[in-house]
Amino acid sequence: MLVATERNARRLTAACPQALKLGLAAGMTLADALARVPDLCVEEADPAADARLLLHLSDLALRWSPIVQPDPPDGLLIDIAGCTHLFGSEAALAADAVALLGRNLAVRHAFASTPSAAHALARFPVQASCEMQAIRRLPVAALRLPVEAETALRRAGLKHVGDLADRPTMPLSARFGKQATHALDRLLGRADSRLSPRRPLPALHFARRFAEPIAHVDSVLGAVDGLAAKASRVLEQRHQGGRSFAIRLYRSDGELRDLTIETGRPTRDPALLARLLRERVEALADPLDPGFGFDLIRFAVPATEPLGLLQADLEARGRQGEALSALVDRLSVRHGRERIRRLLPVESHVPERAVRSVPALGEARAEWPPPPTGEPPLRPICLFDPPQPIIVMAEVPDAPPRRFIWRGVNHIVVRAEGPERIAAPWWQKASEGRPTRDYYRVEDEAGRRFWLFRRGLTGREAAHPSWYLHGLFA
Amino acid sequence: MHAETDDPRERIRHLLRLAGAVPLRERSAGAGFGHAGIDAASGALERGQLHELFPASADDPAGAAGFAAMLCRRLGGTCVWLREAKAERQLQLFGPGLSGIGLDPENLLLGVLPDADAVLRAGADVLRCPDVGVAVIELWRNPRNLGLTATRRFQLAAEASGVTALLLRMEAEPSASAAATRWSVRSIASRALEGNAPGRPAFELELLKHRGGGRGSWRLEWDRDSASFRDLQHTHDHAALPGAVVSVPADRAVADVVPFRKAG
C-alpha cells in the first residue's frame, strides 16, 4: 500500500492485489483503511522515483520500437508500426514485453490504432470482436475527463463511449465542455493524435538480437563491430559520415549499458570505430558487466554529415592533419571529451573571463589577437583562480606596493608598472560586488614577475582595499 | 658490419636498427635557441628527442612553464600540453599570457588529465602522432611511474615519430632519465624598460645534462618579436624615484588596456 497526503488527508494512492481483495482501493483515506484492516502495511508514495522509473522503462522499451513516449504516471506508449515482424507477430512482441517488464511489475497492454485508444483499452479491458466495438464499450472514465464532467456524463445516463459516439458533437461540447468532445475524437480516431518520442529518432540505427544472451565481452564488442561495419556501408552509399555513435547494450535482466563514441571529424571507418570502442570500454569506470549476458545491441548514428568518397591511401603516412584529429578522438574517448581542450579568446577585459576552454572535439575555432609588438608579455602565463590574497605594504594610495607577503614569503618589489585599471562594465555598479581593479606588473628582487591587483578604489569603493596576486609571469 | 665504428652510441643505434626494435630516424636538425653559444653546447634543441625542464626552485613554476612555451614557439607546429587537473585547478595556463610569449593558443591543445598516470599514458599517445609538433608533459613532484623506463619510452616514441617532447618537472629533483638534455630554469631580474617597468622575460638557464657532453649556464632574455633568446645585458638600473608623479583619476577608468607605463 502506498499513501500520500492529498486534499488534506492521508489517502491511499495505490494498493496491491491482496489489498484490493480486502476491499481497499486507491483514494480511500488511510484512517478508513486502517479501520478495516488494522495490520495494514503502508509506505510513503514517491512520485519522483516513479517518474524516474518510468523514464528508465521508456529507455528499455526502445528495444521494441524506436518511438516510445512515457505516459505519466504509469504508462508507456510504443509505436510498433513496422516493428512487429522482428518478433514474429504483435502477440509475440507483447509476450516479450510482458515477460521482461512483468518480472517485477504488474503489466497490462493493449493494441489499438490510436494512442488514446490503446491507453484506454489497456486500463479498461473489454471483450469485443473488433477495435471499434471495444472502444464503444469502454466506460466514459476512459475519456480521462475531470471528475465533474465524468459525473455529469454518468448522471445524464451516458455510461459508455458508444453512447457518446453516436450523438452530435455540438450539444455534447456545450454541456460537458470542449475537452469531452476532444477526448472522444482522439479515442475514436477522428482527431489527429501522435506520439512525441522521448528520444529524437537517430538518423540511422541498426540492431542485433541474440537468441541466447552473450556474456563474453569480446563477443559483444565483435557484434558491435559487425553493426559498425553495416552502418559504415550504408553511410558510404549515402556519402555521409557520423561524428557520434551511440551503442546501447540490453542486458537480459533489463539493465542497460550505454557507450558513446565521438570523433572530431565525420567518419565511417569501421576499423577506427572498433579501436575507439575498445578504448571507450577500457576507460569505463566500472567494467562492462555482462551479468547473464546481453541479448540485444543497438547501434545508432544520431546525426550524419556529408562525407565524400575517400580514395584508399597510397601512402602509409596518411593525410596531413588526419593523424592529429585521430589523436584528439583517441584522447577524448579515453579520458573524456571535457579533458582535451582548446582555448578560445573572449572579448572581455575581466582577465578570468578572457578565455573560454572548450572541448577540442567541437567545431569552435577562433583567431587570437596578436600581442602588441615591442612589449614584454602584459598578461601572465599562469593565472590563479580565484586570485590569492596577499598582504601588501603600499606606501601611498594609487601606487604599486613596495613589499608584499605571499604564502608567508616576503617579496620586495624592485620594478613595477601600472596601474592598468580594469573596471566593471558601465552597466554594473561597483557596489554590486565588482569593484574596480588596479593591476600592477611587478618584479621582486629575486627576479620573479607577478601580476597583482588592488580591489576597489581607495576611499571611494573601499576604505582599506585588499590586494590579490592574480598571476605569474615567466 | 658497421658495428666496428668507434663511437659506442653509433654502435648501439646500429644494433637497435638491426634488431628492428625502433624505426630510428636520422636526426633532424634542431630548432635551435637562436643563440650560438647554447646551440653549440646543447645540440641546438634537437627535434624528435626528449628534453627535461626543471624550475631551479620549487616556488617558481611560471619561469619553467614560460620557458617551455618559448621552446614550443621555437619548435613550431601544434603543441599538445598535458597536465594534471590538480595543477590546472591551482594555476591555470592562461591563453593571453601564452600569446604574450609568442605561442599562439590556436596551435595549442590542452589536456587536463585526472592524475600523473593518465598524463604519462596520454603523453605516450601524443608522442606517437607525427602531426604533433611539440608535446609538453607537465608533471608535479615525483610520480611513482616516472622513471627510467617511462622516459625511455618517451624518448623512443619521440625518435620514431619526430615529435619533440618537453618533460616539465615542477617541484621535482632530477633523477635518472633517458632525456637527451636536462635544463634548469631560474627567473632573474629583467632588463628594465623606461619608468623602471619589468622588461622581457629573463632567465638563468643551466644545462645540467646533455648526451653530447656539453654543460653550461647562460643568462638570457626572450625576445618575442624575433622569437629568439638573447644574452641579457643589463643597462643601468633606473633609479627609482619616490612617490607617484601623476595620480590616477578616481572617478573613471584609465583608457582601455593600452599599456600604460607610469614613471616612478
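A residue counts as buried here if 20 or more other C-beta atoms lie within 10 Å of its own. Keep that in mind for this tour of a predicted model.

**Stop 1: strand β16 of chain A**

Select residues 437-444 of chain A, which make up strand β16. Now colour the side chains by the way they point. A:Arg437, A:Tyr439, A:Arg441 and A:Glu443 go one way, A:Asp438, A:Tyr440, A:Val442 and A:Asp444 go the other, and all of them are buried. Since 8 of the 8 residues in β16(A) are buried, the strand is largely enclosed by the rest of the structure.

**Stop 2: the partners of β16(A)**

Add residues 409-422 of chain A to your selection: that's strand β15, which runs antiparallel to β16(A) and is joined to it by 7 bridges. To find one of the pairs, click on A:Val413, whose bridge partner in β16(A) is A:Asp444.

Then bring in β17 of chain A, residues 449-455. Here too the pairing with β16(A) is antiparallel, over 7 bridges. Which residue of β17(A) stands opposite A:Tyr439? Look for A:Phe453.

Follow the backbone from β16(A) to β17(A) and you'll trace a hairpin with 4 residues between the two strands. Pause in the turn at A:Gly447, where phi is positive, at about 100 degrees.

**Stop 3: a sheet built from both chains**

Next, show both chains as a cartoon and look for an open sheet of 11 strands with mixed pairing. Walk across it in this order: β12(A), β11(A), β4(B), β2(B), β5(B), β6(B), β1(B), β7(B), β8(B), β9(B), β10(B). The edges are β12 of chain A (355-359) and β10 of chain B (228-231), each of which pairs on one side only. From one strand to the next, the twist averages 30 degrees.

Zoom in on chain B, residues 78-84 and 108-113: these are β2 and β4, running parallel with 6 bridges between them. Click on B:Trp81 and you'll find its bridge partner, B:Leu110, in β4(B).

Now select residues 61-75 of chain B, helix α3, which packs on the sheet. Among the chain B strands that α3 touches are β1 (50-55), β2 and β5 (132-140). Line the helix up with β6(B) (164-170), another strand on its list of contacts, and the two directions make about 175 degrees.

**Last stop: chain B as a whole**

Zoom out to chain B, with its 7 helices and 10 strands. Of its 264 residues, 47% count as buried. Among its contacts with a separation of 6 or more, 68% come from residues 24 or more positions apart.

Conventions:
Residues numbered from 1 in each chain as written. Chains lettered and ligands numbered in written order. Predicted model: local features only at pLDDT ≥ 70, side-chain atom pairs only at ≥ 80, totals over all residues. Pairing = 2+ DSSP bridges. Axes fitted to C-alpha atoms, helices over the stretch in contact; angles between N-to-C directions. Contact = placed C-beta atoms within 7 Å. Buried ≥ 20, exposed ≤ 12 C-beta atoms within 10 Å, placed from the backbone.
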